[in-house]
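Reader: I am new to this structure and would like a close look at a single part of the chain, followed by whatever helps me to place that part among the rest. Please take me through it with care.

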Amino acid sequence: MPGGKRGLVAPQNTFLENIVRRSSESSFLLGNAQIVDWPVVYSNDGFCKLSGYHRADVMQKSSTCSFMYGELTDKKTIEKVRQTFDNYDSNCFEVLLYKKNRTPVWFYMQIAPIRNEHEKVVLFLCTFKDITLFKQPIEDDSTKGWTKFARLTRALTNSRSVLQQLTPMNKTEVVHKHSRLAEVLQLGSDILPQYKQEAPKTPPHIILHYCAFKTTWDWVILILTFYTAIMVPYNVSFKTKQNNIAWLVLDSVVDVIFLVDIVLNFHTTFVGPGGEVISDPKLIRMNYLKTWFVIDLLSCLPYDIINAFENVDEGISSLFSSLKVVRLLRLGRVARKLDHYLEYGAAVLVLLVCVFGLVAHWLACIWYSIGDYEVIDEVTNTIQIDSWLYQLALSIGTPYRYNTSAGIWEGGPSKDSLYVSSLYFTMTSLTTIGFGNIAPTTDVEKMFSVAMMMVGSLLYATIFGNVTTIFQQMYANTNRYHEMLNNVRDFLKLYQVPKGLSERVMDYIVSTWSMSKGIDTEKVLSICPKDMRADICVHLNRKVFNEHPAFRLASDGCLRALAVEFQTIHCAPGDLIYHAGESVDALCFVVSGSLEVIQDDEVVAILDHFPKNQ
């Protein structure tokens with residue numbers, strides 16, 4: 001459509017739907033201001049009822065309502081209406097028009113131009129009011145001989161409009177004050193938006209879930225969640241008191257950040273069931289309270305500060321610390337926002353390695369907890385010599401000793417050595433069957449080892465299967481390229497193509513692949529809808545449209561229609577594009593490089609890429 005980038009624009013449809021829904025008693029037309037004779041692009045039900053015409057009868061007719069003129073329509077008024085349209089002005093008229101059944105009716109007609117963001121008039125809004133009752137009763141062939149009272153009675157009977165006193169309006173107010181125009185139309189000024197696509201408006205304290213700040217914040221939360229996933233199982237299993245001030249401050253800062261995240265979630269938009277962005281503060285809060293609020297609140301309580309007190313019971317301290325594992329559920333929510341990155345092989349590989357290491361860390365903490373629970377029999381207060389912790393202590397020269405004065409067992413490996421040994425055992429069990437230097441001996445240890453091997457086999461198969469797929473995807477184009485070259489070589493060899501021609505064929509294939517990288521443009525465009533395909537084609541051919549003089553005066557609609565028909569062709573050096581005497585069925589534009597015009601084996605002209613050859 002001339003004057004517009006697309007044939008259908010979403011803001012226009014929203015504009016019309018709002019008017020139809022909230023102004024069923026108004027009568028108006030919308031005309032295209034960019035086309036000759038200003039054709040009607042929309043008429044509401046009120047105008048159809050008022051004029052007697054169906055919407056299909058009115059569409060594409062002139063917005064001046066010339067199709068409703070008759071023998072009693074004032075010629076001077078007709079000329080003024082046309083001048084108003086010609087000058088893109090606003091004005092009001094009292095004009096006599098004829099319905100479809102040729103009944104004459106007096107209308108109060110208002111014309112107002114609608115401008116876009118570039119202050120260019122793109123539409124005309126024409127509103128109509130039936131003012132027949134305020135005018136002298138019309139005398140036509142069917143009312144000749146009637147008294148004045150009889151004609152007035154007929155006018156009252158035929159009128160279907162709700163009559164209201166009309167206030168004259170200064171035409172300058174129509175252009176600059178949308179609220180005044182909306183008042184005359186009996187509409188709210190909020191349903192007369194600018195004729196342009198506006199950014200979504202949200203309250204000042206609401207954060208868009210896809211903005212740069214929220215994306216960065218989600219990355220911070222993801223990193224802190226991994227930190228929590230590593231430290232919490234370690235602290236719970238090894239029963240470490242956070243007496244170190246530096247670690248206590250760090251964990252407190254993490255808790256504060258998670259608390260800030262709760263506050264931000266109360267002010268962050270979300271996507272509703274219908275795919276719409278919900279920005280209403282009340283709906284956002286209700287949705288968050290019903291979903292993640294309780295879990296997030298439990299995950300940000302200061303458990304580390306509670307653990308720092310010496311008089312806190314050991315069991316209660318471990319319980320408080322274990323509640324922090326609830327933060328791990330946030331991994332699913334944050335990971336959903338990273339789905340579009342999973343198409344990159346490197347990102348998937350890093351994610352799989354992190355997951356594998358995290359699972360190994362968790363299993364190492366559980367493995368140590370089992371050994372720590374079984375190494376000393378609390379009932380008899382004796383050491384269990386078949387525990388893996390006792391065997392490890394003997395092998396590294398740090399055996400357990402019984403302190404008779406205190407009545408407790410002391411000694412044994414350090415916590416660092418215990419964690420490294422536990423992680424070593426879980427890693428060997430997940431990747432292989434272990435080496436036997438650290439082995440399960442008790443029933444509980446054996447059952448845990450069996451379960452760990454089952455988990456390890458699943459992880460092992462998943463990771464290596466994905467790694468194989470990732471490398472296949474990384475080299476898929478390369479493999480396809482070499483396969484194509486091998487097929488071409490076999491073809492040339494089978495049919496004994498001359499050496500010179502074979503070299504030209506190979507040069508063409510290699511150069512074409514280097515330019516296109518093996519991407520099938522037509523296949524990609526076929527996936528996109530029609531409107532998007534036209535936009536992409538205009539972008540691909542932008543150099544032709546911007547630099548060639550033939551397209552300088554073409555409208556956007558014309559360029560979009562031409563762009564989808566363009567085809568990019570690569571020609572290798574020495575290729576003949578057209579022979580003398582051939583029928584030319586395509587128009588070619590030289591985008592890059594140059595062409596030679598050869599006659600009798602002599603170069604008579606060189607065609608360079610535009611605009612030099614124009």
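Author: In this predicted model, residues 217–236 are 100% helix and 0% strand, and the end C-alpha atoms of this span lie 28 Å apart. UniProt, in an unreviewed entry, places the feature "transmembrane region" at residues 217–236, and also at 346–370, 418–438 and 450–471. For residues 450–471 the model again gives 100% helix and 0% strand, with 32 Å between the end C-alpha atoms.

Elsewhere in the chain, aromatic rings offer another view, and a search of the whole structure finds 25 aromatic pairs. One of them joins Tyr88 and Phe124, whose rings are stacked, with 5.9 Å from centre to centre and 5° between the planes. Tyr88 belongs to the loop between helix H4 and strand E3, whereas Phe124 sits in strand E5, so the pair ties together parts that are 36 residues apart in sequence. Tyr88 is partly exposed, at a relative accessible area of 35%, while Phe124 is buried, at 0%. Both residues belong to one aromatic cluster, which also includes Trp38 and Phe85.

Further along, the surface carries a nonpolar patch formed by Ile577, Tyr578, Val584, Leu595, Val597, Val604 and Leu607, which together have about 540 Å² of accessible area. Strand E12 (594–599) and strand E13 (602–608) are the elements that give two or more residues to this patch. Val597, located in strand E12, is partly exposed, with a relative accessible area of 33%.

Methods
Residues are numbered from 1 along each chain as its sequence is written. This is a predicted model: local features need pLDDT of at least 70, side-chain atom pairs count only at pLDDT 80 or more; totals for chains, interfaces and linings use all residues. Side-chain values use heavy atoms; hydrogens and water are left out. Rings of Phe, Tyr and Trp (its six-membered ring) pair if their centres lie within 6.5 Å; planes under 30 degrees apart count as stacked, over 60 as edge-to-face and the rest as tilted. Helices (H or I, at least four residues) and strands (E, at least two) are DSSP runs, numbered from the N terminus. Buried means under 20% relative accessible area, exposed over 50%, partly exposed in between (1.4 Å probe, protein chains only). UniProt positions are given in the numbering used here, feature names are shortened, and annotations may be inferred rather than shown by experiment. Patches are made of residues with over 30% relative accessible area and no salt bridge: like charges are joined within 9 Å, nonpolar side chains (Val, Leu, Ile, Met, Phe, Trp, Tyr) within 5 Å. Accessible areas come from the Shrake-Rupley method with a 1.4 Å probe; for residues, only the protein chains shown count as cover. A salt bridge is a side-chain nitrogen of Lys or Arg within 4 Å of a carboxyl oxygen of Asp or Glu.
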